[in-house]
Amino acid sequence: MTHYDRTKITFHRGNAFAPEGITPEPFATLTFNDLVERELIDTICDLVRKHVNETHMDFCNIKLTSEDWDC
């Protein structure tokens with residue numbers, strides 16, 4: 001099972017292949033300041049992406065950043 005620490009997920013609208021591209025400012029940000037399972041992150045991202053794609057008829061792009069600690 002994969003875990004991430006201090007994870008930040010930003011959700012952006014737009015199509016990377018369109019001239020307008022992806023909106024640089026996120027429409028939503030989710031931050032975890034503790035260990036979180038990758039499976040939970042994937043589930044949340046899938047739900048948000050599905051909602052944006054179906055409800056808003058737009059593309060949902062996701063940027064994931066996390067810290068990696070070697071203890």
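**Contacts, core and cysteines**

Me: Which residues is tyrosine 4 in contact with, once its neighbours within four places in sequence are left aside, and what makes a pair a contact?

Reply: Tyrosine 4 is in contact with Asp34, Leu35, Val36, Arg38, Ile41, Leu64 and Ser66, its neighbours within four places in sequence being left aside; these pairs are called contacts because contact means heavy atoms within 4.5 Å. The model is predicted, so local features need pLDDT of at least 70 and side-chain atom pairs count only at pLDDT 80 or more, while totals for chains, interfaces and linings use all residues. Residues are numbered from 1 along each chain as its sequence is written, and side-chain values use heavy atoms, with hydrogens and water left out.

Me: Where is the place of tyrosine 4, and how far from glutamate 54 is it in space?

Reply: Tyrosine 4 belongs to strand β1, a strand being a DSSP run of E with at least two residues, whereas a helix is a run of H or I with at least four, both numbered from the N terminus. From tyrosine 4 to glutamate 54 the C-alpha to C-alpha distance is 29 Å, with their positions 50 residues apart in sequence.

Me: What pattern does the chain follow along the sequence?

Reply: The chain has one helix and four strands, and they come in the pattern β-β-β-α-β. Among contacts between residues at least 6 apart in sequence, 60% join residues at least 24 apart.

Me: What makes a set of residues a nonpolar core, and which residues form the largest one?

Reply: A nonpolar core is a set of buried Ala, Val, Leu, Ile, Met, Phe, Trp, Tyr and Cys residues joined through side-chain atoms within 4.5 Å. The largest has eight residues, namely Ile9, Phe11, Phe32, Val36, Ile41, Cys45, Val52 and Cys60. At least two of them come from each of β1 (3-13) and α1 (38-55), and α1 gives the most, with three residues. Isoleucine 41, leaving aside its neighbours within four places in sequence, is in contact with Tyr4, Thr7, Ile9, Val36 and Leu64.

Me: Why is cysteine 45 called buried, and how do you know that cysteine 60 is buried too?

Reply: Buried means under 20% relative accessible area, exposed over 50% and partly exposed in between (1.4 Å probe, protein chains only). Cysteine 45 has 9% relative accessibility and therefore counts as buried, and cysteine 60, at 4%, counts as buried as well. Of the 71 residues of the chain, 21% count as buried.

Me: How do you know that cysteine 45 is in no disulfide?

Reply: A disulfide is a pair of cysteine sulfur atoms within 2.5 Å. For cysteine 45 the nearest cysteine sulfur, that of cysteine 60, is 7.8 Å away, and cysteine 45 is in no disulfide; cysteine 60, whose nearest cysteine sulfur is that of cysteine 45, is likewise in none. The structure holds zero disulfides.

Me: Why is methionine 57 called exposed, and why does arginine 6 count as partly exposed?

Reply: Methionine 57 has a relative accessible area of 69%, and is therefore called exposed, while arginine 6, at 45% relative accessibility, counts as partly exposed. Methionine 57 lies in the loop between α1 and β4 (60-67), and arginine 6 is placed in strand β1.

Me: What is the phi of arginine 6, and what is that of methionine 57?

Reply: Arginine 6 has a positive phi of about 50° although it is not a glycine, and methionine 57, also a residue other than glycine, has a positive phi near 50°. Most residues other than glycine have a negative phi.
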